[in-house]
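Please open the model in a viewer and keep the sequence panel at hand. The tour below proceeds by selection, from the interior to the surface.

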Amino acid sequence: MAPAEVFLGGFEKAKEELVLIDNLVIAANGASFFAAEYGQFIMKALGPLFNSVSVVHGHEVSSQNLHLKKFAGYLTLSQSGASDWLVEGVKKAASLGLSCINVVNVEDSPITKVINELA
């Protein structure tokens, strides 16, 4: 059995933009939602990485619950990267000028394609 390949990338290219994020919104569904809540807990326990970190279900993403602050970030956390709600959330966040970050297990997912189109 061959070892699983791990693909991580993109963060290096946006390092300057990422360090400017003060307020982070994490959107996720299913098991990824619980991982997002745990990530929120860790971020708060480690100290002031961000002014605020909020976690929302993909179907709850709206202009009203996206932080419309100057240096906001929107992180999508998904195993498949195929949720229509999360794809639409990325589009909404980008249209509001938020820095968009995507973490998925599928390299060529619909969410990844949207992120690549925005780049």
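Begin with the largest nonpolar core of this predicted model, which has 15 residues. Select Ala27, Val61, Leu66, Tyr74, Val90, Leu98 and Ile111, the members that touch the most other members. Next, colour the elements β1 (23-28), β3 (72-78), α3 (84-95) and α4 (110-118), each of which supplies at least two residues of this core. The largest share comes from α3, with four residues.

A second core is separate from that one and has 11 residues. To locate this second core, select Leu24, Ala36, Val53 and Leu75, which are among its members.

Return now to Ile111 and display its surroundings. Leaving aside neighbours within four places in sequence, which residues are in contact with Ile111? They are Thr76, Ser78, Gly81, Leu86, Val87, Val90 and Asn102. Val90 thus appears both in this list of contacts and among the core members named for touching the most others.

**The chain as a whole**

Switch to a cartoon representation. The protein chain contains four helices and four strands, and their order along the sequence is α-β-α-β-β-α-β-α. Of the 119 residues in the chain, 37% are buried. Consider next the contacts between residues at least 6 apart in sequence: 74% of these join residues at least 24 apart. With a surface representation switched on, the chain exposes about 7,600 Å², and carbon and sulfur atoms supply 59% of that area.

**Helix α3 and its charged pair**

Select Glu88 and Lys91, both of which lie in helix α3. The two are three residues apart, about one turn of the helix. They form a salt bridge, in which the closest N and O atoms are 3.6 Å apart. How many salt bridges does the structure hold? It holds one. Are the two partners buried, partly exposed or exposed? Lys91 counts as partly exposed because its relative accessibility is 41%, and Glu88 is likewise partly exposed, with a relative accessible area of 41%.

**Aromatic pairs**

Show the aromatic side chains next. A search of the whole structure finds two aromatic pairs. One of them joins Phe33 and Phe34 in an edge-to-face arrangement, with 6.2 Å from centre to centre and 80° between the planes. Although these rings pair, Phe33 is buried at a relative accessible area of 9%, whereas Phe34 counts as exposed at 59% relative accessibility.

The other pair consists of Tyr38 and Phe41 and is stacked, with 6.4 Å from centre to centre and 20° between the planes. Tyr38 and Phe41 are three residues apart in helix α2, so about one helical turn separates them. Both partners count as exposed: Tyr38 has 53% relative accessibility, and Phe41 has 54%.

**The nonpolar patch on the surface**

Keep Tyr38 and Phe41 selected, and add Ile42, Leu46 and Leu49. Together these five side chains, Tyr38, Phe41, Ile42, Leu46 and Leu49, belong to a nonpolar patch on the surface, with about 560 Å² of accessible area. Tyr38 is placed in helix α2, which spans residues 30-46. The tour ends at this patch, where Tyr38 and Phe41 are members and also form the stacked pair.

How values were computed. Residues numbered from 1 in each chain as written. Predicted model: local features only at pLDDT ≥ 70, side-chain atom pairs only at ≥ 80, totals over all residues. Heavy atoms only, no water. Buried < 20%, exposed > 50% of the residue type's maximum accessible area, 1.4 Å probe, protein only. Contact = heavy atoms within 4.5 Å. Areas by Shrake-Rupley, 256 points an atom, 1.4 Å probe, with all protein chains shown as cover. Patch = residues over 30% accessible without salt bridge, like charges linked within 9 Å, V, L, I, M, F, W, Y side chains within 5 Å. Salt bridge = Lys/Arg side-chain N within 4 Å of Asp/Glu carboxyl O. Phe/Tyr/Trp six-rings, centres within 6.5 Å; stacked < 30°, edge-to-face > 60°. Core = buried A, V, L, I, M, F, W, Y, C linked by side-chain atoms within 4.5 Å.
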